[in-house]
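Colleague: I'd like to learn how to read a fold from the sheet outwards. Could you walk me through one?

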Amino acid sequence: MSWASKLAKPYRVDDGKGFRLKDFDPADTGKLRSKENAEELLEKGVAALSELQEKLYATNQWGLLLIFQAMDAAGKDGAVSHVMSGVNPAGCQVYSFKAPSGEELNHDFLWRTSQRVPERGRIGIFNRSYYEETLIVRVHPEILHNEKIPPALITADIWKNRFEDINGLERYLSRNGILVRKFFLNLSKGEQKKRFLARLEHPEKSWKFSTADIRERDCWDDYMKAYEDMICHTSSKQAPWYVVPADNKWFSRVVVAAAIVETLEDLKLTYPQVDPAKRKDLQAVRAQLESGKSKHRGKK
């Protein structure tokens with residue numbers, strides 16, 4: 001088992017049956033006992049990811065969708081920026097999904113994110129996603145009633161139905177070569193309080209704070225129940241959740257890196273082979289360059 005597999009496996013949920021969020025400690029740091037050790041592994045992961053992403057891009061067959069969900073101040077932006085720091089921007093696309101626009105509300109709840117699914121050869125990152133439709137919409141039912149859904153379809157089974165729709169989408173993507181990996185950054189309520197206070201105390205962080213964050217914090221227990229139910233019903237082998245301890249950012253980042261590296265390593269990616277005809281052409285070009293002559297040199 002690789003270092004990446006050993007680090008990521010304890011937090012991976014392939015089957016949500018019996019899942020309980022209380023079984024996952026937000027302050028867990030696994031077998032790592034120092035920030036320095038984690039930073040060394042993160043550097044290793046960033047380097048590995050850089051090479052793997054190049055191969056992913058070169059083969060142009062597989063795609064990878066990474067989904068990040070969390071409570072406010074859990075460190076989604078930081079995890080993305082640190083883990084993906086070595087990736088070629090041409091092969092990576094990041095999208096943040098805020099409150100839906102009027103146009104988006106005129107479509108089904110999966111429409112807007114479906115437009116941003118990564119193409120083959122690329123890594124797509126969703127900072128929040130269609131899972132918001134089973135989280136904030138569930139915690140705040142008034143949002144659901146503003147989504148223009150026919151009232152007859154808003155029944156007691158609506159969350160079950162949405163889970164089924166999401167599972168169907170992720171199964172479809174996987175069957176078409178777009179892998180899906182999902183990360184719930186598991187932040188404790190106490191650590192969120194510390195981070196909120198830090199934002200208020202430091203001018204360079206104050207811009208991140210919103211009074212809406214406090215209103216959502218008041219709904220903490222409802223959100224935890226929604227997250228637990230979401231993970232319970234949408235975890236699968238083809239699209240697993242990683243419940244990442246997020247009280248220590250240095251640890252959450254290395255776990256995310258390890259999970260992505262493990263996923264790409266499992267594909268056994270290699271650079272495309274050059275066929276004999278093209279190899280012959282390349283050899284001819286090399287000979288021309290080395291001789292200083294060119295068939296395309298302009299006339300004097």
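Modeller: Sure, we'll take the sheet, then one strand, one residue and a helix pair, bearing in mind that this is a predicted model.

Colleague: How many strands does the open sheet have, and in what order?

Modeller: A good habit is to write down the strand order before anything else. Here the open sheet has six strands, ordered β1-β6-β5-β2-β4-β3, and the pairing is mixed. At the edges sit β1 (12-13) and β3 (92-96), each of which pairs on one side only.

Colleague: Which helix packs on that sheet?

Modeller: That's α13 (residues 249-265), which touches β1, β2 (63-70), β5 and β6 (241-245). The direction of α13 makes about 155° with that of β6.

Colleague: Mixed pairing, you said. In which sense do β3 and β4 pair?

Modeller: Go pair by pair. β3 and β4 (residues 123-127) are parallel, with five bridges; within that pair, Q93 has G124 in β4 as its bridge partner. β5 and β6 are also joined in the parallel sense over five bridges, and there F184 is partnered with V243 of β6. β1 and β6, by contrast, run antiparallel and are joined by two bridges, with V13 opposite W241 of β6.

Colleague: Is β6 covered on one face or both?

Modeller: For a strand, check the two faces separately. Both faces of β6 are covered: W241, V243 and P245 are buried on one side, Y242 and V244 on the other. That fits the strand's tally, five of five residues buried.

Colleague: Now a single residue. N186 is in β5, so is N186 buried or exposed?

Modeller: You read that from the relative accessible area. N186 lies in β5 (residues 178-186) and has a value of 3%; since buried means under 20%, N186 counts as buried. Next, look for polar partners: a polar atom of the N186 side chain lies 3.2 Å from the backbone oxygen of F24. The residues N186 touches include L21, F24, D25 and P26, as well as V243, V244, P245, A246 and D247.

Colleague: And helix pairs? At what angle do α8 and α12 cross?

Modeller: Take the distance and the angle together. The axes of α8 (residues 158-175) and α12 (residues 220-234) come within 10 Å, crossing at roughly 45°. That angle is why α8 is called oblique to α12. The crossing is right-handed.

Colleague: Which residues make the contact?

Modeller: From α8, F163, I166, N167 and E170; from α12, D229, M230, H233 and T234.

Definitions and conventions
Residues numbered from 1 in each chain as written. Predicted model: local features only at pLDDT ≥ 70, side-chain atom pairs only at ≥ 80, totals over all residues. Heavy atoms only, no water. Helix = DSSP H or I, 4+ residues; strand = E, 2+ residues; numbered from the N terminus. Buried < 20%, exposed > 50% of the residue type's maximum accessible area, 1.4 Å probe, protein only. Polar contact = N/O pair within 3.5 Å; in protein donor to acceptor, adjacent residues only side chain to side chain. Contact = heavy atoms within 4.5 Å. Pairing = 2+ DSSP bridges. Axes fitted to C-alpha atoms, helices over the stretch in contact; angles between N-to-C directions. Parallel < 35°, antiparallel > 145°, perpendicular 65-115°, else oblique. Left-handed = near helix turned anticlockwise from the far one by under 90°. Lists of a residue's contacts leave out its neighbours within four places in sequence.
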